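Subject: Structure for your review, with notes

Dear colleague,

I am handing over the structure that follows, together with some notes on what was found in it. Please read the notes with the structure open beside them.

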Amino acid sequence: MDVPALSSLRATDSGHVGGKAAGLGELLAIGLPVPPGFVLPADALSPLLSDRGGLARLLASLVDEHGLRRPFAVRSSAAAEDGANASYAGQFVSELGVGAEDLAAAVERCARSGGSDRAAYYTRRMEADESGGGTEVASGEGAAASDRVPISVIVQEQVPADLSGVLFTADPVTGDRESYLLDVVPGAGSALVGGETEPLSVRLSGDGMRTVNRPDWCDAALETRVLGLIAEIRSLGKAVTDHRAAPQDIELCVTADNAVIPVQARPITALPAPAHRDFALRFIPVTSADRAELGSLTVLDKVRLRLIAEENDLAVGRAWIVRARPTADSAGPDASPLPEALRNASQISFVLQDPARLSGSIVRRFSAAGTRREDLDGIVQLVGAAHDEFALIATEVRSAVQSGVARRFGDRVLVEIGFGAFVPKGVVTTSQYVCTLDGKVVQRELTLQERAFVIEDGQPRSVVVGRTPELSDRQIEEVCRAVAVAGAYYQQPSVEFGITSDGSFFLIDFVDEDTEGAAPEALNVIAPGRVSGRVIRIDDDHDLLMESLDFHFHTDRTDAAGSRPADDPVVVLARLPYLSLERFIRGRDPRSVGFVFRNCSYLSHLSIVLRELGVPALVDAEAFDTLAADSVVLLDSASQTVGPVTPRQAGQGQTL
């Protein structure tokens, strides 16, 4: 009897083993962690249904052959199931938590469910709709032999699901391909797909994320946990959607150690086509010569940055404002052609500017030259679904061998530098310089950098470095001049900059901090304060890293808190200051949380946020390496120490 492993199947096998089994084989083929198993084809299984003993012996042999561990999931896989027009969702039997002694009976029940009245009615209803929808279908008729659906049966290891979810990679109501919808419930997925439990619902709009429903069973900690997995879930959804070239309905499980495991994927049926709108686009270069046409947009940060840079002879990437207005003719009188320089630039960042946000989220797209038109149309359609008139900024992303950030503190300038892009995002280690205002180095702290991130084809890519980032005297002088220029226009600016392959300096951004702050007495004191609390260790920080990059690369999340206050004070131990660590602050009293980093940029975005909110943070490699999870410690910036709480200090959860 031919009983194929799921890993051997492809889409072309669906006629033999059913759509679900073939779909799982496709997921395994692209490297997704689908639980192992095998499928009993309907034609070979049918004669065995009258011999329970023979079926049990065959199954025991197959379980041993495929090395499966109990408990098992027994699932239907019909040829018509999980198709583009008919999903057969819930029409056949699936059983979870099946033991070895019950496996044959569960397989038999699953195989016979193709002859149920419910499945027969669904089949006739779908056939009637495909033929024109004019046929009346009775729901009480028994299943005739011709109505019975042949069922292949999947036997898999069951995922020990701590959470279960369903991810739609398009909005099933509006057809919006830029929105993902995620529903999550605790435990097994039957409570979710069966509608028994109200789910935690998250909308991934334009790659941002926003909690749209949080039921009573979901506390702030669980919501934080789910939001922390969004980057990985989004990546999974995109991989499946791209592979199948159509929006998908994906069932997934999350284990206790936060492994995200897909257990089914099928096309979203009855998905409406998104309405395409025509817009006239006008491209305005961001230069002093075009100031009048830019009008009120000159106050926008990215526009102001470039006008300041031009006035002060600072190198900066080119930019264009893209004004969009609805029109019946996309080449109408309000339109202008796509500038050649914009069309041919290697990397471009499109960011929504007016209005500043869409559904509470910052909308951002990176674009490679080969997909410039498609990327621009995608963001125009996304925003245009909600607004008639709006403005984007298209900025040139210059290639940086090194990037960094600098800020003035009194009569000193602190400069931090690292290889690759995203250094100000806190995702890599940095070297640090303390300089005079005219660029003379008075202190330096050089740090080996193991990895960096570069932008290729509009996406971030990790590369191995194994070198120490450094700046020349000339480059430091240029950085300090940019800091002086920024100080003439902003209250407390940080200057983000890049260094090209030929050693040239260029400006990336000015970031104005809300807090003045004196010069740091010690670079390991990221934010002052004192807090005691339970240790939360983050030893596997891959998801935090990717989420931080994702926030920057696509769409920043909403500003809404989205969490209930958490009462227990915590001290979070992390390797680097990823911006995604903000999840531990949202919904908390800032006085009830502190951070200890193994390495940290004093000028990273998260470091700025921590100082603004008054959240204490230190760099202490020894504490990171030695403190145990769930121990109670005291973080004290004044003494620059992190250690176990003494009886006298116990209970001092809030910053003093």
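Which residue of β3 is the bridge partner of valine 74? The partner is glutamate 95, and I begin with this pair because it leads into one of the sheets; please keep in mind throughout that the model is a predicted one.

**The four-stranded sheet**

Strand β2, which covers residues 72–78, runs antiparallel to β3, and two bridges join them. Both strands belong to an open sheet of four strands, in which the order is β1-β4-β2-β3 and the pairing is antiparallel. The edges of this sheet are taken by β1 (37–40) and β3 (95–98), and because each of them has a single partner strand, one side of each is left without a neighbour in the sheet. From one strand to the next, the twist averages 25°. Ahead of β2, in the loop that connects it with α4 (52–66), lies proline 71, and the peptide bond that leads into this proline from arginine 70 is cis, with omega near -5°.

**Strand β9 and its partners**

Strand β9, made up of residues 248–254, is mostly covered, since seven of its seven residues are buried. In a regular strand the side chains alternate between the two faces of the sheet. In β9, Gln248, Ile250, Leu252 and Val254 point one way, whereas Asp249, Glu251 and Cys253 point the other way, and all of these residues are buried.

On β9 two pairings can be described. With strand β5 (residues 163–168) the pairing is antiparallel and rests on six bridges, and within it serine 164 stands opposite cysteine 253 of β9. With strand β10 (residues 260–267) the sense is again antiparallel, over seven bridges, and here valine 254 has valine 260 of β10 as its bridge partner. The hairpin of β9 and β10 has five residues between the strands, and asparagine 258 takes a positive phi near 70° in it.

**Helices α9 and α14**

Does the length of helix α9 agree or disagree with what is expected at 1.5 Å a residue? It agrees, because the 15 residues of α9 (230–244) should span 21 Å at that rise, and the end C-alpha atoms are 21 Å apart. The buried residues of α9 are Ile230, Ala231, Ile233, Arg234, Leu236, Gly237, Val240 and Thr241. An α-helix has 3.6 residues a turn, so residues three or four places apart point the same way. Just after α9, alanine 245 takes a positive phi of about 55°.

Helix α14 (residues 473–487) passes the corresponding check, with 15 residues that should span 21 Å at 1.5 Å a residue and end C-alpha atoms that are 21 Å apart. Among its residues, Gln475, Ile476, Val479, Cys480, Ala482, Val483, Val485 and Ala486 are buried.

**The cavity**

When the whole structure is searched, one cavity of 30 Å³ or more is found, and the volume of the largest cavity is about 30 Å³. Its lining consists of Leu163, Val184, Val226, Leu229, Ile233, Leu252 and Val254, which divide into seven nonpolar residues, no polar and no charged. Ile233 in this lining is also one of the buried residues of α9, and Leu252 and Val254 in the lining point one way from β9.

**Backbone features in the loops**

Most residues other than glycine have a negative phi, and most peptide bonds are trans. Aspartate 313, although not a glycine, has a positive phi of about 55°; this residue is found in the loop between α11 (301–311) and β12 (319–326), where it is exposed, with a relative accessible area of 67%. Aspartate 630 likewise has a positive phi, near 70°, and its place is in the loop between α17 (621–626) and β30 (632–636); aspartate 630 is exposed as well, with a relative accessible area of 54%. A further cis peptide bond joins aspartate 354 and proline 355, with omega at about 5°, and proline 355 is found in the loop between β13 (347–354) and β14 (362–368).

Finally, aspartate 589 lies in the loop between β27 (570–574) and β28 (593–597) and is partly exposed, with a relative accessible area of 26%. Aspartate 589 and leucine 613 are 24 residues apart in sequence, while their C-alpha atoms are 9.7 Å apart in space.

With best regards

Note on methods. Residues numbered from 1 in each chain as written. Predicted model: local features only at pLDDT ≥ 70, side-chain atom pairs only at ≥ 80, totals over all residues. Heavy atoms only, no water. Expected span 1.5 Å × (residues − 1). Buried < 20%, exposed > 50% of the residue type's maximum accessible area, 1.4 Å probe, protein only. 1 Å grid on protein atoms, 1.4 Å probe; cavity = no way out; pocket = protein on both sides within 12 Å on 5 of 7 lines; lining within 4 Å. Points joined across faces, edges and corners; volume = space filled by probe spheres on them. Nonpolar A, V, L, I, M, F, W, Y, C, P; charged D, E, K, R; others polar. Pairing = 2+ DSSP bridges. Axes fitted to C-alpha atoms, helices over the stretch in contact; angles between N-to-C directions.
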